[in-house]
Amino acid sequence: MEITRFASKTLCTTAVSAAMLAMSFPAMAENWRGWNIHPDGYPNTEALESFAEAVTDRTEGRLTLQVYNNAVLGDQPDAIEQVRNGALAFANFNMGPMGPIVNETNVLSLPFIFNSIDHMHEVMDGEIGQQFSDALADKNLIALSWFDSGARSLYNTSRPINTPEDVEGLKIRVMNNDLYVDMIEALGGNATPMAYGEVYQSLTTGVLDGAENNYPSFESSNHYEVAEYYSLTEHLIIPECLCIAKAKWESLSEEDQEIVREEAIKASEMQRQLWVEGSQQSHEIVLEAGVEINEIEDKTAFQDLMEPVYASFIEDNPELEDLINTIRTSN
Ligand code: BDP
């Protein structure tokens with residue numbers, strides 16, 4: 001009797017406490033940390049911050065999103081792993097360092113595969129883009145929208161590059177992907193894969209002669225202070241994703257998935273617009289700082305040297321040949 005009384009009293013107290021707790025602490029907000037490599041004011045940063053704010057507002061306390069800039073949460077290959085295993089909830093990733101993890105995305109890192117940014121948009125915003133999203137999802141990354149990353153060009157500390165011969169012997173930093181090593185070696189340079197954050201120092205000490213990037217990154221990383229020759233090779237037009245950890249995505253209600261998806265698409269629209277303005281501004285800043293920029297009227301010599309890079313990639317990945325040809329002939 002005693003025991004029963006005691007037990008029921010405990011049960012009763014527990015039920016009352018649980019009810020009180022629920023009243024005083026409505027469902028705890030889930031905190032989502034987001035990785036970003038860029039600094040404050042960069043187009044991608046602005047778009048990610050606006051995404052984080054909008055999702056936080058619209059989910060009314062169910063989710064709070066925070067963006068960590070300047071790669072403070074790790075370099076890009078590490079961050080990709082962290083989003084894959086759900087330790088980080090979201091990120092803006094370039095498809096370059098994605099290649100070693102999601103093989104299909106290497107197709108986007110083939111030099112000169114897109115003729116223009118418009119061509120890249122057409123491909124990524126259509127059925128083929130969905131194919132890449134599916135491949136990312138198989139590796140636990142939900143790509144909700146695509147960001148721009150302009151065209152990447154070579155820059156270095158010693159001379160303008162007009163022909164592939166000018167690349168001869170230059171130590172050039174590349175992102176973490178073997179395809180870029182093949183690309184630079186095909187041009188006669190020495191490729192060094194290195195984390196983005198280490199490039200500035202290496203350019204100053206002469207560990208590197210150069211690197212390659214778009215105008216906004218060339219400017220915001222301050223590489224232009226050391227590498228004063230920027231040559232418009234425009235050899236890579238690589239899209240970037242706004243990616244969510246699959247485990248986080250699947251934990252959301254349908255309603256919240258809809259909110260996150262809508263805001264990711266809005267963020268990419270915003271980023272693409274800011275990208276155009278940001279590229280223009282960065283171009284002006286580096287010109288004003290005295291960077292010598294040269295156009296390359298005929299890129300055929302560079303493009304021809306990439307044929308063996310394509311051939312060996314296709315030999316290793318015959319199943320991707322059709323996709324490559326479809327993209328190459330789609331414009
Ligand atoms: C920037 C990309 C960033 C890359 C960086 C790099 O937005 O994702 O990590 O280049 O070169 O343009 O590593």
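**Reading a predicted model with a tutor**

Tutor: Let's start at N70, which lies in the loop between β2 and α3. Keep in mind that this model is predicted.

Student: What makes the phi of N70 worth a look?

Tutor: The phi of N70 is near 55°, which is a positive value in a residue other than glycine.

Student: Why does N70 count as partly exposed?

Tutor: N70 has 13 C-beta neighbours inside 10 Å. A residue is exposed at 12 or fewer and buried at 20 or more, so N70, with its 13, falls in between and is partly exposed.

Student: And E60: is it buried or exposed, and how do you know?

Tutor: E60 has 10 other C-beta atoms within 10 Å. The limit for exposed is 12 or fewer, so E60 is exposed. Its place is the loop between α2 (43-58) and β2 (63-68), and its phi, near 45°, is positive in a residue other than glycine.

Student: Why is strand β4 described as mostly covered?

Tutor: Strand β4 runs over residues 141-147, and seven of its seven residues are buried. Being buried takes 20 or more other C-beta atoms within 10 Å, so each residue of β4 meets that limit.

Student: How do you know that β4 and β10 pair?

Tutor: They share six bridges, in the antiparallel sense. Pairing needs at least two bridges, so six is enough to call them paired. One example is S145, whose bridge partner in β10 is L242.

Student: What comes before β4, and how do you know that the span of helix α5 is close to the expected one?

Tutor: Helix α5 (residues 127-138) has twelve residues and reaches 17 Å from its first C-alpha to its last. The expected span is 1.5 Å times one less than the number of residues, which for α5 comes to 16 Å, so 17 Å is close to it. After α5 comes N140, with a positive phi near 70°.

Student: What makes up each of the two domains?

Tutor: Domain 1 covers 28-149 + 239-280, while domain 2 covers 152-237 + 291-328. Their centres, taken over C-alpha atoms, are separated by 24 Å.

Student: How many residues does each domain give to the contact?

Tutor: Domain 1 gives 31 residues and domain 2 gives 28 residues. A contact requires C-beta atoms within 7 Å, so these residues have a partner across the boundary inside that limit. On the side of domain 1 that touches domain 2, α3 (76-84), α4 (117-124) and α10 (254-288) each give two or more residues, and α4 gives the most, with three. By class, that side of domain 1 has 18 nonpolar, eleven polar and two charged residues.

Student: Which residues are around the ligand?

Tutor: They are I37, Q76, N94, S149, M175, Y196, N213, N214, S217 and E240. The cut-off is a C-beta atom within 6 Å of the molecule, so each of these residues meets it. The shell around the ligand has three nonpolar, six polar and one charged residues.

Student: What makes E240 count as charged?

Tutor: Glu is among the residues that count as charged, so E240 belongs in that class. The shell also draws at least three residues from each of domain 1 and domain 2.

Student: And how much of the chain is buried?

Tutor: Buried residues make up 41% of the 331 residues. The chain has 13 helices and eleven strands.

Technical notes
Residues numbered from 1 in each chain as written. Predicted model: local features only at pLDDT ≥ 70, side-chain atom pairs only at ≥ 80, totals over all residues. Domains from an automatic or database assignment. Contact = placed C-beta atoms within 7 Å. Helix = DSSP H or I, 4+ residues; strand = E, 2+ residues; numbered from the N terminus.
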